[in-house]
Amino acid sequence: MSNFSSIRHLIRGMTDAVAGDTHDEPRLMERARPLLADLISSDDWLPDEFAQPHPEHYQQYLLYCDPHERFSVVSFVWGPGQRTPIHDHTVWGLIGMLRGAEVCEGFELAGEGSPPRATGTVRLEAGGIEAVSPRIGDIHRVSNAFDDRASISIHVYGANIGGVRRHVFDPLTGAAKEFISGYASPNMPNFWDRSRA
Ligand SMILES: [Fe+2]
């Protein structure tokens, strides 16, 4: 039986938090971190439908979106060896490792025509949390740490991340290209059926 109490608790907590000042990014990230830490401390709740890797590329499933699109929660599912391009977010985000591990390489732009400069690499293990935002460093490349199994992280963002206009960056020239990620599935999970508790 899945335990949905932690995801419901996170959704309630973030709904309360954004009802205050949506633009107070440090406060929202501070509020989100313990809720996400609690959520990823057990791996008994993510429905299988939202944990499915794709053979060719990573998957981003929407788990919840605030009605005013002030925050969203997604599962990010990595097939063996998969990785993102170098990209930004343009909004705050927390990345919590649920299953497996991933490698986050940070970058900063180095000017027109120059490759983005590496700023450091972090390996995120299950239970670990990383943060991104334009304020603290927003550009990175993320890879599944494993070549032989899937990894899954749960992300909380300060917007409907699948609808945000953002950028990928060429690793050789730093040239930016706009993208809107969308989501891997038209479905969202139902965490609200109390008869299952
Ligand atoms: Fe990212």
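## A walk through the model, starting at H89

Start by selecting H89, which sits in the loop between β3 (86-87) and β4 (93-99). Keep in mind as you click around that this is a predicted model.

**Stop 1: H89 and what surrounds it**

Turn on the surface for a moment. Is H89 buried or exposed? Its relative accessibility is 0%, and the limit for calling a residue buried is under 20%, so H89 counts as buried. Now hide the surface and show the side chains around H89. If you skip its neighbours within four places in sequence, H89 is in contact with V132, D138, H140, Y157, I161, V164 and R166. Next, pick H87 as well and draw a distance between the two side chains: H89 and H87 are joined by a polar contact of 3.2 Å.

**Stop 2: the annotated trio**

Add H140 to your selection. Which residues does the UniProt annotation "binding site" cover? In that unreviewed entry, the annotation takes in H87, H89 and H140. The three are spread over 54 residues of sequence, yet they cluster in space, with a largest C-alpha distance of 9.2 Å. If your viewer can draw pockets, switch that on: H87, H89 and H140 are part of the lining of the largest pocket.

Stay with H140 for a bit. You'll find H140 in strand β8 (residues 139-144). H140 has 5% relative accessibility, which is why it counts as buried. Who touches H140, leaving aside neighbours within four places in sequence? The contacts are P85, I86, H87, H89, I95, E105, G106, F107 and V132. Spot the two other members of the trio in there: H87 and H89 are among the contacts of H140.

**Stop 3: zoom out**

Now switch to a cartoon view of the whole chain. How many helices and strands does the protein chain have? The secondary structure comes to 2 helices and 11 strands. Follow the cartoon from the N terminus and you'll pass α-α, then a run of strands: β-β-β-β-β-β-β-β-β-β-β.

Rotate the chain to get a feel for its dimensions. Along its principal axes, the C-alpha trace spans about 55 × 45 × 30 Å. A compact globule of 197 residues would have a radius of gyration near 16 Å, and the protein chain has 16 Å, so the two agree. Colour by accessibility next: 48% of the 197 residues count as buried. The accessible surface comes to about 9,400 Å², and 49% of that belongs to carbon and sulfur atoms.

You can also look at how the chain folds back on itself. Take the contacts between residues at least 6 apart in sequence: 74% of them join residues at least 24 apart.

**Stop 4: H57 and the start of β1**

Select H57, in the loop between α2 (25-39) and β1. With 40% relative accessibility, H57 counts as partly exposed. Then click G81. H57 and G81 are 24 residues apart along the chain, and 9.5 Å separates their C-alpha atoms.

Move along to Q59, which lies in strand β1 (residues 59-65). Q59 counts as buried because its relative accessibility is 10%. Not counting residues up to four places away in sequence, Q59 touches Q52, P53, H54, S75, F76, V77 and A184.

**Stop 5: two backbone oddities**

Why look twice at a positive phi? Because most residues other than glycine have a negative phi. Pick E69, in the loop between β1 and β2 (72-78). E69 is a residue other than glycine, and its phi is positive, near 60°. At 44% relative accessibility, E69 counts as partly exposed.

Now jump to T90, in the loop between β3 and β4. Its phi is positive too, near 70°. T90 counts as partly exposed, with 32% relative accessibility.

**Stop 6: A159**

Finish at A159, in the loop between β9 (151-157) and β10 (166-169). Buried or exposed? A159 is buried, with a relative accessible area of 11%. Show what touches A159, not counting residues up to four places away in sequence: E69, R70, F71, S72, V91 and V164. You've met E69 already, and here it is as one of the contacts of A159. Last click: V74. A159 and V74 lie 85 residues apart along the chain, while their C-alpha atoms are separated by 11 Å.

How values were computed
Residues numbered from 1 in each chain as written. Predicted model: local features only at pLDDT ≥ 70, side-chain atom pairs only at ≥ 80, totals over all residues. Heavy atoms only, no water. UniProt positions renumbered as here; feature names shortened; annotations may be inferred. 1 Å grid on protein atoms, 1.4 Å probe; cavity = no way out; pocket = protein on both sides within 12 Å on 5 of 7 lines; lining within 4 Å. Helix = DSSP H or I, 4+ residues; strand = E, 2+ residues; numbered from the N terminus. Buried < 20%, exposed > 50% of the residue type's maximum accessible area, 1.4 Å probe, protein only. Contact = heavy atoms within 4.5 Å. Polar contact = N/O pair within 3.5 Å; in protein donor to acceptor, adjacent residues only side chain to side chain. Rg over C-alpha atoms; globule rule 2.2 N^0.38 Å. Areas by Shrake-Rupley, 256 points an atom, 1.4 Å probe, with all protein chains shown as cover.
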